[in-house]
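Colleague: Before we go through this model together, could you set each value beside the cut-off it is judged by? I am new to it and would like to follow the reasoning.

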Amino acid sequence: MGFAIENILVDGRRYADAHVLLAIVNVEKGDPLFSFDPRVAQELISQVGWVESVQVERRLPSTIYIGLKERRPLALWQSEKRLKLLDDKGKVIVTSNLQRFADLILVIGKDSPVATPELIGNLQAEPDIYKRVEMAKYISQRRWDLQLKNGIEVKLPEEDMGLALARLARAQEKDGLLDKDIRSIDMREIDRISVRTKPGKVQEYKTDLKIEAATKGKAGNNI
């Protein structure tokens with residue numbers, strides 16, 4: 001008496017389309033278990049966009065086992081007027097059905113995917129900053145400008161990005177800097193934070209943030 005397929009067990013699936021996996025396996029209940037070739041299925045499943053690695057086995061007496069390790073979605077990348085989902089290595093996972101990833105940071109700019117894992121890693125080290133970021137622009141393929149959800153732009157340095165974000169987090173914790181009515185924050189100099197205020201708001205921030213000097217018509221103020 002032969003072994004017949006009764007179950008298909010998939011472990012580790014969160015994003016990969018179950019219908020696609022079933023189509024690849026292409027068996028029906030009652031089919032002979034040993035008519036199924038796990039090596040062929042494993043090769044085909046490994047080509048599914050979400051799959052980082054996969055293991056397919058026949059398990060006696062009646063089960064096909066599929067163990068998946070999926071790629072981790074990290075950010076959305078806007079390129080040529082299209083959105084693409086990046087993984088934690090800066091590689092494109094998929095380009096459609098991206099609505100459920102709308103909360104991820106959007107990155108733009110030439111070669112930005114390569115630099116995105118380092119950016120996100122540094123942002124995640126400062127959770128209060130990370131949750132405020134809506135978009136990141138990769139400037140001249142060497143540094144980032146952040147666009148926060150409240151409209152503030154944060155200019156990061158080419159080097160020591162993590163240190164700059166830590167300084168910004170401290171300024172937020174101490175002074176609530178990111179909750180102020182300001183336009184942009186320049187973190188590119190290691191010994192200062194330069195703030196560009198909105199029109200008519202300079203005096204207020206001179207008091208709140210102890211701005212050292214403000215020249216009429218000059219956009220930046222050091223704190």
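**Reading the helices and the sheet**

Modeller: Let us start with Gly 176, which follows helix H5 and has a positive phi, near 65 degrees; please keep in mind that this is a predicted model.

Colleague: Why is Arg 170 called partly exposed?

Modeller: Arg 170 has a relative accessibility of 49%, and since buried means under 20% and exposed over 50%, with partly exposed in between, Arg 170 counts as partly exposed. Arg 170 has its place in helix H5, residues 161-175, where the buried residues include Leu 165, Leu 168, Ala 169 and Ala 171.

Colleague: What covers the buried residues of H5?

Modeller: The cover includes helix H3 (112-124) and helix H4 (127-130), together with strands E8 (143-148), E9 (153-155) and E10 (182-186).

Colleague: How do you know that the length of H5 agrees with its number of residues?

Modeller: At 1.5 Å a residue, the 15 residues of H5 should span 21 Å, and because its end C-alpha atoms are 21 Å apart, the two values agree. For H3, the 13 residues should span 18 Å, and its end C-alpha atoms are 18 Å apart, which agrees as well.

Colleague: What makes strands E1 and E2 the edge strands of their sheet?

Modeller: The open sheet has three strands in the order E1-E3-E2, with mixed pairing, and E1 (7-11) and E2 (51-59) are its edge strands because two strands pair if there are at least two bridges between them, and each of these pairs on one side only. E1 pairs with E3, residues 63-70, in the parallel sense over five bridges.

How values were computed. Residues are numbered from 1 along each chain as its sequence is written. This is a predicted model: local features need pLDDT of at least 70, side-chain atom pairs count only at pLDDT 80 or more; totals for chains, interfaces and linings use all residues. Side-chain values use heavy atoms; hydrogens and water are left out. Helices (H or I, at least four residues) and strands (E, at least two) are DSSP runs, numbered from the N terminus. Buried means under 20% relative accessible area, exposed over 50%, partly exposed in between (1.4 Å probe, protein chains only). The expected span of a helix is 1.5 Å times one less than its number of residues. Contact means heavy atoms within 4.5 Å.
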